[in-house]
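Trainee: I would like to go through the labels on this model and ask what each one rests on.

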Amino acid sequence: MHEVQVARTSRFELLVQENVSAGAPFCTWVWTSSLPLPCADHSVRVRRVFNSTIVSAWSEWATNNGQQSVSSSRARLFPTEEVLQEGSPAHCCCIPPTGAQVTEILFRNMPYPLIPVDSGVQAIQVGMVNSSIFGVNLICRDSRGTEQRVLNYVTLPPERPENLSCWTADLRSVRCSWTAGRRLSDLSDHRHRQYTLHIQGSGEAEVQCGSDSQCVFPVIPNRSFYNISVWVRNSLGEESQSDAFNISHRVFPVPEHVFVEAGVRDAELSWFLSGNFAGLHFTCQFTLEPTGTTTELQLVVPDPEQRLSMHLQPLQASCQYSTRGRCALQGNSWGPWSPTSSFSTEPLVTVDVWMVMGPHAHNRSVTVLWKTCNSGSDSNIEAFEVCVEQSVPRRRVCVNVTERQVEFTVGSRACNMSVRAVTHRGSSMSSQISIPRQHSEHMLREKRIVGNSTGFLLSWSAASSVTCGYTVEWSLLDSVKPHDIQWRKLSANQTSLFLGADTGFRKGRRYTFKIYCCQTEGYQAHEKHTGYLEEQKPLSAPELLQSLSVSWSSVTLEWSFNEDNHSHPGFITGYTLTILTQTDCDVFNTYVEDPHCKSVLVEGLQEGQLYTVRLAACTRAGCGVVSIRTITTRQNYHLLLAKVVAPLLVLIGCCICLWPCRKVLRGIAVDIFSLPSDHSLKLLELNDSLYEVSEKLRVLQVEDCKWCNLEVVDVKSSLEEKAWLMFTGDDCKPAEAPLSDPLSVEELVWDALAGESVTSVTNLAYLSGLQVELLSDSPVSEPSGYVRAEDPEPNTSDYVTSVTTVAM
C-alpha cells in the first residue's frame, strides 16, 4: 500500500492525503484538481506502508509548476476555452500582469468573491454551472484598469450509447446506429463527443465515426459473426456499448430506383435490389395511397443488377397515387421503407360507337359515328382505328382516322364494325357494333310527345326480341347531318329515358327520337317519337288561293299550307278563320280542328258586299301570322229577274183572262173616258200601287225632259198635217212646220177604228204639277175639242199618264 500527499503553492499547503493499494510493480493514480493547475504549483509525494505500522520515508516532492511566476504584461485567466461539466462547481483563477493586482473576476458578467491563491493570484468559485448556447465568459480586471476576457464551454460527460443496432442492406457494408443521448449546441466540432467503433476478433479493426450517431464499415469476406463496440469520449470522460450478431440475420434490403409506369386502371412498378443477393429468397411489399392497399410479392433475385417488377391493380383512371416498398430476406424482419414515389394513371378512354344507315338495300352506305368518354383530356388520343369485318366472304378492312366519323359502303350482308382509340400508351378497349342485313324504318308509326322546360321524358314499349339493350337516337337542332346526331345506350330492362334541356334542346324546334332495340343480329328500329321542348306560335301564314268560289250569299275558301313541315315551331293543330264586314263587324268566326282540312264553306252572306277574310294557323302555343284577303259577293240576278218578270206575268195573265171581254171593256172604257159635251177632258191617273212597283223594279228611269203643249182640234187633218205633229226625239217641237199653222195631235189608232172617234194616248213623264183645263168653260177662241197643257210648277214633280178621246 502507498500513501500519497498532494500539496499546493510554494508553501506546500496539503490538499489530499490518500492511501492507494498497488498490486503491480507500477501503479497509476489519477487525481483531478478543482483549481486549474496553471493557477499555482502543485506537488505530490509518496511513501510505502507495510502492515499498517511500518512506513517508509517520504519521497521527494514532485512539483507541477504553475504560471504565477512567469512574467507577463497582461492578465491570464484559467480555464480558457475549456469544457466545464454541467451541474458541477467551477473554480477559476486570474494571474495579474507583472506589477499589478487583480481587482475583480466576473463569471457570466457576474462578480464573485475573490479567493487568494499564491503570489497575487486570485480565484473564484462558481456553485453550479449551466449550459449556454454561446458558452460562458470569464472576465478579469486588474489595478491598471485593464480587462481580460476568455470564453469557456459547458457540457456533460459522455453518455453511454443506447439502442446500438447493426444491419446491412446489400451484404457489402454494415451500418451501425445508436442513440447518442443529449446533444449540446454550445460546443465546437472538435469539442463534441467523439465516437469510435471497434471490431473485435481476428484482425482487430477500429473505425472513426466522428460525432455522428451512426457508423459504416465494410463486410469482412467469409465472416458471418461480428462482435463490435462503440466508444464515446470527450474531455470529461468516455463510455462504450457492445453488440454481437450474425450478419445473415441482419440483412434488410432497401428497394432502389423505384419506377412506376402507369396505365389507365393498372400500373407496372419496378425496382432494384442492389447487393450480393444472387440466389437469395426475398419478400417485397408495396403500399398504395390513398387506397391504403398493400401488394406483396415473393421472389428470388437471379442477378444483383436485374430489375424486379410488380403489377398494381385495380386503379382508377386520371388519379394521383403514391407508393413505397420494403423487402425482407426470407425469415428476417422487414427492411426500411423506400422513398415515396408518386404517379398518375392515364385518362380512361372508352369509345361509344353508333351508325347511320343509308337508304339503299344492296349497296348500303354506313356512316359510323363515335364519341369518347375520357376521364381526362383528349390530348393524349392520337387517332382512331376503325375496322369493318364480314364473315362471308371473310374480309377485314381497317383505317386510321383523326375525325370522329367515317363512311363505308357495304353490301346487303351483315357485318361488324369496331372502333378503338390509339394513345401514346397504346390502344383503348375496342367498341363494336353489328350492322344487320336489313335496316328499315319506313314502317315505324310516329308518336307525338310533348316536352317541357326541363326536358323530354321518353317511354316506349318493351321489345321481346331485345337482347343487348336499347339505343335512343336524336338529332340536335333538328338537323339530319350525321355529325349532329346524338344517342344514348340503355340496358335491356330500361324502357324510359329523361333527357334534360341542358342536353342542347331548344324551344320551338322539332326533334325526332328513334328507339332501336339491340338484337343478336344487330340493331332494329323499334319506335319513333317526335316532339318539341316547348311549342311556339307559327311563323308563317296559310296562303289563300286566288280561285275562290264566290256566290251572292256564300263563299268557299281554300288555302295551301304544309302543316307537316319540320320547320314549324310547333305541331299545327288547326286554323282559325274570321270574316269581317267593312265596319269590322264579325259575321263569321270558326276554328278548323283538322290541320289537313284546307277548305271551308261560308254561307249567310249578303249580296254585293265587301268582306275581309283573316286566316291563321295554330299550335298549342296559340295562333301565328294572319293571312288577310278581301272578297266581294255577287249580285242576285235571279231574284232581280223574278221581281221584274212576276208583275209582267201577272199583267199578261190578266190580259189573257180579259181578252174575251174586250168589246164590253172597250165600251165601258169609252163611257168612262169619253169627253163631256163641253169638250172637257177627264184625266185618268195610274194606280199608286203600280207606280210603287215600277219604282221598286226600276223599270222606268227618271229622266229630265222638256214638256210640250198638246192641243186636240176637232178638224180633219191631212196625212201631212198629222206627220207635222209627230214627236222628234226628246223635243216636242213639230218638225219643219210653220208656227202660224194650227196645232194638231198625231193620234195612235187602230186600223179597225178608222172613221170613228180617235183615241190619243199621251205619256207625259216627269211633268211637274200638271194642270189640265177643260176648254168647255173658256171662250171659243180655239177650235172645238182642243186641249192645252199649261206650264207646270217648277218645284213639283209627278208622273202622269193621260188618255184623251176626241170625236171625229
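Mentor: Start with C518, in this predicted model. C518 has a relative accessibility of 8%. Buried means under 20%, so C518 counts as buried.

Trainee: Why is C468 called partly exposed?

Mentor: The relative accessible area of C468 is 42%. Partly exposed covers the range between under 20% and over 50%, so C468 falls in that class.

Trainee: How do you know that C468 and C518 are joined by a disulfide?

Mentor: Their sulfur atoms are 1.7 Å apart, and the criterion is a pair of cysteine sulfur atoms within 2.5 Å. The link is left-handed, with -75 degrees about the S-S bond. C468 sits in the loop between strand 38 and strand 39, and C518 in strand 42, 50 residues apart.

Trainee: What makes the disulfide of C94 and C140 left-handed?

Mentor: The torsion about the S-S bond is about -85 degrees, so this disulfide is left-handed. C94 lies in strand 8 and C140 in strand 13, so the pair ties together parts 46 residues apart in sequence. Both cysteines, C94 and C140, are buried.

Trainee: Why is C209 called buried?

Mentor: Its relative accessible area is 8%, and buried means under 20%, so C209 is buried. C215, its disulfide partner, is buried at 5%.

Trainee: What makes I668 partly exposed?

Mentor: I668 has a relative accessible area of 42%. That is over the 30% needed for a patch residue, and I668 belongs to a nonpolar surface patch with L658, V664, L665 and I672. Helix 2 gives the most to that patch, with 4 residues.

Notes
Residues are numbered from 1 along each chain as its sequence is written. This is a predicted model: local features need pLDDT of at least 70, side-chain atom pairs count only at pLDDT 80 or more; totals for chains, interfaces and linings use all residues. Side-chain values use heavy atoms; hydrogens and water are left out. Patches are made of residues with over 30% relative accessible area and no salt bridge: like charges are joined within 9 Å, nonpolar side chains (Val, Leu, Ile, Met, Phe, Trp, Tyr) within 5 Å. Accessible areas come from the Shrake-Rupley method with a 1.4 Å probe; for residues, only the protein chains shown count as cover. A salt bridge is a side-chain nitrogen of Lys or Arg within 4 Å of a carboxyl oxygen of Asp or Glu. Helices (H or I, at least four residues) and strands (E, at least two) are DSSP runs, numbered from the N terminus. Buried means under 20% relative accessible area, exposed over 50%, partly exposed in between (1.4 Å probe, protein chains only).
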